[in-house]
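Please open the model in your viewer and display the backbone as a cartoon. The tour below moves from the whole chain to selected strands, helices and loops.

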Amino acid sequence: MTTAMTTNELTSLNPATGDPVGSVPVTPAAEVDEVVARARAAQTAWARTPLADRISILRKATDLMKARQETIAEQLTAEMGKPLKDSNGEIGYGISGYDAELDEIAEALAPETHEDERTNTTLFHDPLGVCAAITPWNFPFLMPLQVVIPALAAGNTVVMKPSDETPLTGQAFAEIFMEILPKDVLLVIHGGDDQGKALVKSDVNLIAFVGSREAGQHILSTAGADLKRVVLELGGKDPMIVLSDADVNAAADFAVNNSFRNCGQVCVSTERIYVEEGIADDFENAVIERTKALNVGNGSEDGINIGPMISSRQKEHVLDQLDKAKQQGATVACGDTPADGNFVMPTVLTGMSHDMDIMRDETFGPIACIMRVTNENEAVELANDTPYGLGAAVYGEAGRASGVARQLTAGMIGVNQGCGGASGTPWVGAQQSGYGYHSGHNGHRQFTQVRLVSQPK
Ligand code: NAD
């Protein structure tokens, strides 16, 4: 961990230097119920506030986010490690889509009228009650933004628990919204998994969770006992398929960027690459050349492409996978050089086979694994041979690549681009990468209870 937690205090440590960055008070797990009770007491009035007024209140955050962007970005880099331009990019991306997102929520949650020859019905998207928002450390500003805002806009009150790896960014996010919202409509608790578990068990109606598949499974089974609603966005093992007619440079640019950005700590990182034999030599060489040009170092310094891993624990997990892959026959084409502290050098592995553990388990680190395949059918079969199903990418001639994309089992598939869809579309994991989803009209509605009022004509 790059935090130090005592009973009372959680101190964030810079993963590049080990220096303390700041601290927050820990919420004792036994006090979580009281916090949730405050959120419940505030919920009736917030739910009665008309949707348009809730949206207007939330809109006030735009200026506050802009005013604090620089400061929060610096703190984010200090406590999480990503290069400063990426921290600015994360917050800037959130701000740039924020107003349009609020408009979209207002549209999605407006009452609908339906009629047939006998009945007039109004369909309402009502709040569920109190929402727990539990988020990870890899995008510590964007992840809360994506689940807390639709929950609040829908008339729920929210108790959020940021990751214990990035409590300062979570606190800075919460402070912006606590400043503009009525008292107790948004509350924040700090701590580790125990606080998360206590929150899931508490008197909440919805758990919006972004994190690992294992924690998601635990949350789903706990929530099931009380039939609580869940929206789970979980881990992945995203494949990339490179067809023989792909633009080699475009494919290599994407492969390197999407395998190594945020030090590989992205839920939709490219973790497996299947390349058709005909283009494999050129593609591998282009990936290796680009990887060697990456600068690894303290994300606060200029010219750095890749910062440290979040923690020594995450580094050990990645190095263990790497060692095992080498024992199982992988070739290190570049990288895998010793690095101090929490740093891991971006590494390209070739000669992969599909029975290697690293081709199956989430890595969440800067390792690009390239496996040669004889044709697109083999690529599709291997890409789909996973319990995960978050993102995928196919590079090749557009028509052929689109045909391959439709055979993949992931929730979001990019053809000659990353997997994220156009604005207005959801962020959705299939299979064991998600259970429910957020964003887009239907995503916003998952934070609501549908209710009908009908009368005869
Ligand atoms: P994690 O599951 O360990 O922790 C996420 C959050 O859940 C933290 O706040 C943690 O304290 C809490 N938590 C852990 N176990 C819990 C439990 N049983 N009950 C309640 N709360 C619990 O994940 P992480 O290491 O913080 O983040 C990395 C994971 O998140 C990766 O698997 C990554 O793929 C995934 N992720 C997914 C998305 C997506 O949109 N699908 C986005 C970002 C990250």
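Begin by colouring the chain by burial: buried residues make up 56% of its 457 residues. Here buried means under 20% relative accessible area, exposed over 50%, and partly exposed in between, with a 1.4 Å probe and protein chains only. The model is predicted, so local features need pLDDT of at least 70 and side-chain atom pairs count only at pLDDT 80 or more, whereas totals for chains, interfaces and linings use all residues. Residues are numbered from 1 along each chain as its sequence is written, and side-chain values use heavy atoms, with hydrogens and water left out.

**The whole chain**

Keep the entire chain in view. The C-alpha trace spans about 65 × 60 × 40 Å along its principal axes. The radius of gyration is 23 Å, which agrees with the value near 23 Å for a compact globule of 457 residues; the radius is taken over C-alpha atoms, and the globule rule is 2.2 Å times the number of residues to the power 0.38.

The cartoon should show 14 helices and 19 strands. These are DSSP runs numbered from the N terminus, with helices (H or I) of at least four residues and strands (E) of at least two. Of the contacts between residues at least 6 apart in sequence, 71% join residues at least 24 apart; contact means heavy atoms within 4.5 Å.

**Two buried strands**

Select residues 229–233, strand E10. Four of its five residues are buried, so E10 is largely enclosed by the rest of the structure. Add residues 206–210, strand E9, which pairs with E10 in the parallel sense over five bridges; two strands pair if DSSP finds at least two bridges between them. Within this pairing, Leu-206 has Arg-229 of E10 as its bridge partner.

Next select residues 270–276, strand E12. Seven of its seven residues are buried, so E12 too is largely enclosed by the rest of the structure. Strand E11 (residues 238–242) pairs with E12 in the parallel sense over five bridges, and the bridge partner of Met-240 in E12 is Ile-273.

**Two buried helix residues**

Move to helix H9 (residues 248–260) and select Val-256. This valine counts as buried at 7% relative accessibility. Which residues does Val-256 touch, not counting those up to four places away in sequence? They are Arg-261, Val-287, Arg-290, Thr-291 and Leu-294. Val-287 is 31 residues from Val-256 in sequence, and the two C-alpha atoms are 6.2 Å apart.

Now go to helix H11 (residues 312–327) and select Lys-315. Is Lys-315 buried or exposed? With 12% relative accessibility, Lys-315 counts as buried. Leaving aside neighbours within four places in sequence, its contacts include Met-309, Asp-340 and Phe-343. Pro-366 is 51 residues from Lys-315 in sequence, with a C-alpha to C-alpha distance of 9.9 Å.

**Two loop residues with positive phi**

Most residues other than glycine have a negative phi. Select Asp-184, which is not a glycine yet has a positive phi of about 70°. Asp-184 lies in the loop between helix H6 (167–180) and strand E8 (186–188) and, at 14% relative accessibility, counts as buried.

Finish at Asp-336, in the loop between strand E13 (331–334) and strand E14 (347–350). Asp-336 has a positive phi of about 50°, and this residue is partly exposed, with a relative accessible area of 26%.
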